[in-house]
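Ready for some practice in reading a protein structure? Take a look at the picture, then work through the exercises below at your own pace.

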Amino acid sequence: MTKKKANYGNSQTNERKTIKKLKRGFAYKLFYQLGVWTQNASLNDYYLAVSYTVRDRMQQLFINTIRAFQQKDSKIVSYLSAEFLMGPHLHNNLINLGIYDQVAQAAAESGLDLQQIIDHEEEPGLGNGGLGRLAACYLDSLASLEIPAIGYGIRYEFGMFDQAFDNGWQKELSDRWLQPGNPWEFKKADMAVEVGSGGYTEQYKDDHGKLRVRWVPGKLVKGIPYDTPILGYRVNTVNMLRLWSAEAPKSFDFAEFNVGDYLGAVHEKMLAETISKVLYPNDEQSHGKALRLYQQYFFVSCSMQDMIRIHLFQFENLDNFSDKFAVQLNDTHPAIAVPEFMRLLVDVHHYDWDSAWEIVTHTFAYTNHTLLPEALEKWPVAMLAGLLPRHLEIIYEINRRFLDLVRLEYPGDVDVVRRMSIIDETGERYVRMANLACVGGHAINGVAQLHTKLLKEHTLVDFHRLWPDKLINITNGVTPRRWMVVSNPRLSQLIRSAIGEEWITDLKKLQALEPLAEDSAFCEKWQQIKFANKQDICTMFACKQGPNYNPQALFDVQVKRIHEYKRQHLNLLHIVTLYQRLKNNPELDIPPRLFIFGGKAAPSYFMAKLIIKLINSVAEVVNGDPAVNKRLQILFIPNYNVQIGHIVYPMADLSEQISLAGKEASGTGNMKFAMNGALTVGTLDGANVEIREEVGAENFFLFGMNVGEVEARRAAGYNPQDIYNENKELHAAINLIATGHFSHGDRELFRPVIDSLLKHDPFMVLADYQAYVDCQQQVGEVFQDPQRWTRMAILNAARIGKFSSDRSITEYCRKIWQVKPFPVALTLQRVPDGGIKFP
Ligand code: GPV
């Protein structure tokens, strides 16, 4: 099949033409759109001018894709997510459009440095970590696979906070990402929708005398959509990220104004705008705040109304809604969509309950992302009653019918009814959002094989027993466009010159690298690239206390949110152990290591913040100690985000994936590291299990207890104190911290960390300590054999194909969404010179 593709010139003359047009574009945007001239333009002005020029080149594809959405035979995936951690757009868009080189050339001929402009972009950090970044990778793959899709979420005015360090402590700075202007979004003011809250419900008779219920909200807010085009890689499809921003409805303002309460009206307006003001910075923790619940309801209601509007634009009624839309709930954050869609169908569109339920359950599917009990969302019934009274009624009715089914299935079993009920009645009453999501959709999926297995056996065991086919696995994946082509240009170029570029859209093709692991010339180039990437980071971050970072060292990296279950403190205990060994034996034969950390702690997570302080305190002592700092150094990169990820994954030698088995649902950083030729030291947790299977056990540094051993250990009565008493090195390492060696003699500062480890050690750091230290010994030995290390690294990259988000999305399409690619034809041309004629 030949299909017409956007083509920005392959012949020489076309190339020159393109560059000329781009240069004109920059100048035009600077003058007309930004209103400045070259002499007084700032770097931000240039960034905006270049971005607008690039955006123009996406528009024809974008508009044609939206047109394709409106064709009756195209089915749309709606990805509902409270978080989208997109990362910078400009570089990615240049790569996906295929005009990076031309734009770089046009920039250079205009006296601009494209790299500097790319680096200037303020990334939209509208997510906390893995879950939000997964949503972004999935949008990339959906577009690249030509699947019509809309990402629906919240346009937070303040995204994830910026992290700074103050005397080693985390400081949070507000993220004013919109301040410099966002050239990638289109405000669609005329597509606003209204969303209610509070008030009451009432019964009334409709025109046919039928008794109905309606919700009379106490307040309304307006949701304004802002659309960001999401380019596929070298295809015509440009999907849409539609983020909702809250505003006060005008009518409401005027009502107040007319009775003279001007300040009251302004106050109300402010309250309305609070809804989309800030992203909750908690990862894997439910906060129980009414504003958070309302954020969820706000974007979900906007999105469902939007889909209904799109649907009714094409069809007479909503009967076939689930043929037009497949709606994925990214964790339970958007699970209030289930009662909201029921309300819209029953109360507004007058469907009877059973028909409505049929539509709803065929529409939704739910992805679970965690096994941590504290992350499972539950909302106090009283809170829902106040904020969303009609939804609470609907939830009760859903539950009543569901529990009838459960009782029928398990006669006399009151326990199973209690466990499966959407309402938790064990104490204060709560709505369990996971139960609601399980009941309200047709599929539930975990995000790695082990995670799904544990969901089946524990967290969702009752649901799995009731509906054995509903719970499935779809292992996470990440996009090789951003995580290789954009972030690691050197390695991508080497791979391209060795095996072509099919791997970019078919990552399994990396397998062709396998024989090159034996090719010494290739291996040498591979090493040179890793070295160059490492040098980059050494020049970027100068060591404050000791000698500059050494690019020859083993770069041992742990970047992810700071969480006790992820066990950054296990990593730290290993560092302190090496420190002591070197102090005791200066002749010790170990390779120099640079330990790199990155990650934010939730502002209210005391222990995580103390662990950050501890890492920085150990860094200060170790880096400043000339007896060790030639062989041991620590760098905590502040403000870890997507942008920093771009430089971190390509330079890593060793990827730390050391969570306690059974705690990390999947992990996705583990995939990004391996793709870029880092070896993993890891536990049998999350997707590590599958990564190890793929790359081969001999190319993976495994340590620690597996899930079964963790359970057995706990059942036998785990006492960390015993390990502390018996293990001399561990004892000494802990004592060094406890006695104030890293805190200027202060023995109190780190006591909470020490106490937690010795008294409860909920994540069994001590139980895995020796296995970890031994495994790290092996890592060091292998690193001293560069040929062997490089071979292993190449084999990791060659065998990582499974973890492309293209594979994940293909599975979602087949197993859950029942959607197929819908290639976009460029039927709508750009505006002709003579202008347009309005219909
Ligand atoms: I629930 N995850 C996250 O980042 N935030 C959350 O609130 C929840 C889950 C993460 C998991 O921790 C990772 O293991 C997983 O890889 C990621 O979601 C994507 O599935």
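**Exercise 1. Find out how strands S21 and S22 are joined, and what lies on them.**

*Solution.* Start with the pair itself: strand S21 (residues 593-598) runs parallel to S22, and six bridges join the two. Keep in mind that you are looking at a predicted model.

Next, pick out one bridge. Leucine 594 has glutamine 633 in S22 as its bridge partner.

Then look at what packs on the sheet here. Helix H23 (residues 606-623) touches both S21 and S22, and its direction makes about 140 degrees with that of S22.

Now step back to the whole sheet. It is an open sheet of six strands with parallel pairing, in the order S22-S21-S20-S23-S24-S25. Strand S22 (632-637) and strand S25 (701-702) each have a single partner strand, so they stand at the edges and one side of each is left without a neighbour in the sheet.

**Exercise 2. Work out which strands stand at the edges of the sheet that holds S15, S16 and S17.**

*Solution.* First write down the order: S15-S17-S16, an open sheet of three strands with antiparallel pairing. Strand S15 (378-380) and strand S16 (423-424) have a single partner strand each, so these are the edge strands, and one side of each lacks a neighbour in the sheet.

Now zoom in on one pair. S16 and strand S17 (residues 430-432) are antiparallel and share two bridges. Here isoleucine 423 stands opposite valine 431 in S17.

Finally, add the helix. Helix H16 (residues 433-440) lies across S15 and S17, and runs at about 45 degrees to S17.

**Exercise 3. Describe the hairpin of S5 and S6 and the place of asparagine 167 in it.**

*Solution.* Begin with the strands. Strand S5 (residues 162-166) pairs with strand S6 (residues 169-173) in the antiparallel sense, over five bridges. Aspartate 166 stands opposite tryptophan 169 in S6.

Go on to the turn: the hairpin has two residues between its strands. Asparagine 167 sits in the loop between S5 and S6. Its phi is near 55 degrees, which is a positive value in a residue other than glycine.

Is asparagine 167 buried or exposed? A residue counts as exposed if 12 or fewer other C-beta atoms lie within 10 Å of its own. Asparagine 167 has 9 other C-beta atoms within 10 Å, so asparagine 167 is exposed.

**Exercise 4. Repeat the reasoning for histidine 350.**

*Solution.* Locate the residue first: histidine 350 is in the loop between helix H11 (337-348) and helix H12 (353-363). Its phi is near 60 degrees, again a positive value in a residue other than glycine.

Then count the neighbours. Histidine 350 has 12 C-beta neighbours inside 10 Å, so histidine 350 counts as exposed.

**Exercise 5. Decide whether leucine 48 is buried or exposed, and name the residues that leucine 48 touches.**

*Solution.* Leucine 48 lies in helix H2 (residues 43-69). The cut-off for a buried residue is 20 or more other C-beta atoms within 10 Å. Leucine 48 has 25 C-beta neighbours inside 10 Å, so leucine 48 counts as buried.

For the contacts, leave out residues up to four places away in sequence: leucine 48 then touches Leu34, Gly181 and Pro183.

**Exercise 6. Describe how domain 1 meets domain 2.**

*Solution.* List the domains first. The domain assignment gives domain 1 (1-71 + 89-122), domain 2 (75-86 + 125-402 + 432-476) and domain 3 (480-803).

Now count the contacts: 22 residues of domain 1 are in contact with 21 residues of domain 2. On the domain 1 side, H2 and helix H3 (90-97) each supply at least two residues. The largest share of that side, 13 residues, comes from H2. By type, the residues of this side are ten nonpolar, nine polar and three charged.

For the distance, take the C-alpha centres of domain 1 and domain 2, which lie 33 Å apart.

**Exercise 7. Say what surrounds the ligand.**

*Solution.* How many residues surround the ligand? There are 19, and the closest are Gly130, Leu131, His369, Thr370 and Ser666. Sorted by type, the shell has five nonpolar, ten polar and four charged residues.

Last, ask which domains take part. Domain 2 and domain 3 each give at least three residues to the shell.

Key
Residues are numbered from 1 along each chain as its sequence is written. This is a predicted model: local features need pLDDT of at least 70, side-chain atom pairs count only at pLDDT 80 or more; totals for chains, interfaces and linings use all residues. A residue is near a molecule or strand if its C-beta atom, placed from the backbone, lies within 6 Å of it. Ala, Val, Leu, Ile, Met, Phe, Trp, Tyr, Cys and Pro count as nonpolar, Asp, Glu, Lys and Arg as charged, and the others, Gly among them, as polar. Domain bounds come from an automatic or database domain assignment. Two strands pair if DSSP finds at least two bridges between them. Helices (H or I, at least four residues) and strands (E, at least two) are DSSP runs, numbered from the N terminus. Two residues are in contact if their C-beta atoms, placed from the backbone, lie within 7 Å. Axes are lines fitted to C-alpha atoms, for helices over the stretch in contact, and angles run from 0 to 180 degrees between N-to-C directions.
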